[in-house]
Amino acid sequence: MKRTTPVIPAEDIQRQKEYCAELRALNAEKPTPPLAYVDTYGCQQNEADSELLRGMLCDMGYQITGTDQGADVIVINTCAIREHAEQRVFGNVGALVHGKRKNPSQIICLCGCMAQEPHVAERLRQTYRHVDLVFGPQALWRFPEFFRRVYLRRGRVFETDPSDGAIAEGLPVRRSGKLKAWVSIMYGCNNFCSYCIVPYVRGRERSREPDIILNEIRQLVEQGYKDITLLGQNVNSYGRDLEGDMDFPTLLAQAAAIPGEFLLRFMTSHPKDATEKLFDVMASCEKVAPVIHLPFQSGNTRVLTAMNRRYTREQYLEKVRALRERIPSVVLTSDVIVGFPGETIPEFEDTLSLIEEVRFDALFTFIYSPRKGTPAAEMPDPISKEEKSASFDRLVKAQNRISLEKHQAYIGTVQRCLIDGAGEDPRNNLTARTAGNRLVHLTGDPALIGQFADIRITDCSTWALFGELA
């Protein structure tokens, strides 16, 4: 299949593996295996990237640890989507200076979306001199090469040049669990929503080859994974840089045809690209979970236009109607921004009325956070923080009520769930997930972890369900 985005040559990937082998040999000479800690902020794509980082570190001879205490290598994989996340990262990075003073040979790396912001990279260079290596998401596949330069003490390394990105295959993966897996099907974003920094830091949309994706899913199923999530900044754009008829609904249907007992999920979907073809595949494929995350961001068309979302309130509602015609019980979640520059109270009321009409199962709610370098950061913003906070509180209160009502409707029903782990409350020693990804607390034999089971829902809260084995 021809493509319009570049693929990293196999010999370049092999060179990175040779760097890993060289570092593994050097680490093998140490009296005890060195430790590496990877700290992840942000979205599921960052989680998937961190699994690649851990895989490469393992190939370099490091053992993965769950804390920065005693770690010989610390990798901080960052998120730039909101100011609060950035300030949290800076605070935590600053605190690492104390451990570096105790262990001067410790290597501290910062990567991810923040690293690709020029002002952040410069601040790290000037102020956080204990940070040894800084690189952006597009350069992740070169981590062994950069790390080797630092390891051999050739100075600090900053690799943050702007890049549209390419596809790198064949990197090692160290997954976080044995039941659930992330599979990145594409990288980057072409949408340029006016508030969002992602296209500037993650580059243009680029799709992985479908055969490679499907082979990865087959291997995961053979290894016993039961819950597989396909990832992209906008999965509905998948395949546009591939010549031919491949698109996301086609890929999803082919993945669902793979033999085995598992569920497929995906995120995130941009409403402008969510098609009836996608909804048809969701409705017809038993292995595709009846759940979709469809961010609407605002219920007012003028605000949506200012956000450069490229759909109207009416078009969003029509997509929801088309989806529910096919899957009446679909679980629908979304994102919403309160206090976008210039948003008036009547325009916010349109957002409130939309959530009352749609009745989402859950919302991820945010007060607008200006991102340097985006168009929205330069827009007039006369609304006070106090007014935005008051609107935010109203939105959360309304959604919490709807979420509770949605959960109350589950009581007395039997749900097919994946029992996925141990609970923190001894009264409910297991956790499970419905096909629609609702959290269920229950009591049962820990040997059930990793199995699908029918669970009768007996009670609920705003955020979770409670049940018993049916």
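This section describes selected helices, strands, loops and aromatic contacts of the structure. The model is predicted.

Strand β4, residues 107–112, is considered at the outset. Six of its six residues are buried, so β4 is largely enclosed by the rest of the structure. The burial extends to both faces of the strand: I107, C109 and C111 are buried on one side, and I108, L110 and G112 are buried on the other. Strand β4 pairs with two strands. With β3, residues 73–78, the pairing is parallel and comprises six bridges. With β5, residues 133–135, the pairing is likewise parallel and comprises two bridges. Residue L110 takes part in both contacts: I76 stands opposite L110, and in β5 the bridge partner of L110 is V134.

A barrel is found elsewhere in the chain. Five strands close into this barrel in the order β15-β16-β17-β19-β18, with mixed pairing. On average, neighbouring strands of this sheet are turned by 50° against each other when direction is ignored. Within the barrel, β17 and β19 (residues 465–469) run parallel and are joined by two bridges. In this pairing, H441 stands opposite F466 in β19. The loop between β16 (428–434) and β17 (439–442) contains N437. This residue has a positive phi of about 70°, although N437 is not a glycine. With a relative accessible area of 27%, N437 is partly exposed.

Two helices were examined for their length and burial. Helix α8 comprises 13 residues, 210–222, and at 1.5 Å a residue should span 18 Å; its end C-alpha atoms are 18 Å apart, which agrees with this expectation. Residues P210, I213, L214, E216, I217, L220 and V221 of α8 are buried. Because these residues cover an arc of only 155° around the axis, they lie on the same side of α8. On the other side of the helix, D211 and E222 are exposed. The packing partners of the buried residues of α8 are β7 (180–184), β10 (227–231) and α9 (248–256). The helix is followed by G224, which has a positive phi near 100°.

Helix α14 comprises 24 residues, 385–408, for which a span of 34 Å is expected at 1.5 Å a residue; the end C-alpha atoms are 34 Å apart, in agreement with that value. The buried residues in α14 are K388, S391, F392, L395, A398, Q399, I402, S403 and H407. Elements covering these buried residues include β13 (331–338), α13, β14, β18 (452–460) and β19. Two of these elements, β18 and β19, also appear in the strand order of the barrel.

Aromatic contacts were then surveyed. A search of the whole structure finds 14 aromatic pairs. In one of them, the ring centres of Y311 and Y316 are 6.1 Å apart and the planes stand at 35°, so the pair is tilted. Residue Y311 counts as buried at 6% relative accessibility, and Y316 counts as buried at 1%. The ring of Y316 also pairs with that of F360: the centres are 6.5 Å apart and the planes stand at 45°, so this pair is tilted. Residue Y316 lies in helix α12, whereas F360 lies in the loop between α13 (345–358) and β14 (362–367), so the pair ties together parts that are 44 residues apart in sequence. Both Y316 and F360 are buried. In addition, Y62, F135, F143, F146, F147 and Y151 form one aromatic cluster.

Two further loop residues have notable backbone geometry. Residue R310 is located in the loop between α11 (301–306) and α12 (313–326). Although R310 is not a glycine, its phi is positive, at about 65°. At 45% relative accessibility, R310 counts as partly exposed. The other case concerns the peptide bond from M267 to T268, which is cis, with omega near 5°. Residue T268 lies in the loop between β11 (263–267) and α10 (276–284).

How values were computed. Residues are numbered from 1 along each chain as its sequence is written. This is a predicted model: local features need pLDDT of at least 70, side-chain atom pairs count only at pLDDT 80 or more; totals for chains, interfaces and linings use all residues. Side-chain values use heavy atoms; hydrogens and water are left out. Helices (H or I, at least four residues) and strands (E, at least two) are DSSP runs, numbered from the N terminus. The expected span of a helix is 1.5 Å times one less than its number of residues. Buried means under 20% relative accessible area, exposed over 50%, partly exposed in between (1.4 Å probe, protein chains only). The arc is that of the directions from the helix axis to the C-beta atoms. Contact means heavy atoms within 4.5 Å. Two strands pair if DSSP finds at least two bridges between them. Axes are lines fitted to C-alpha atoms, for helices over the stretch in contact, and angles run from 0 to 180 degrees between N-to-C directions. Rings of Phe, Tyr and Trp (its six-membered ring) pair if their centres lie within 6.5 Å; planes under 30 degrees apart count as stacked, over 60 as edge-to-face and the rest as tilted.
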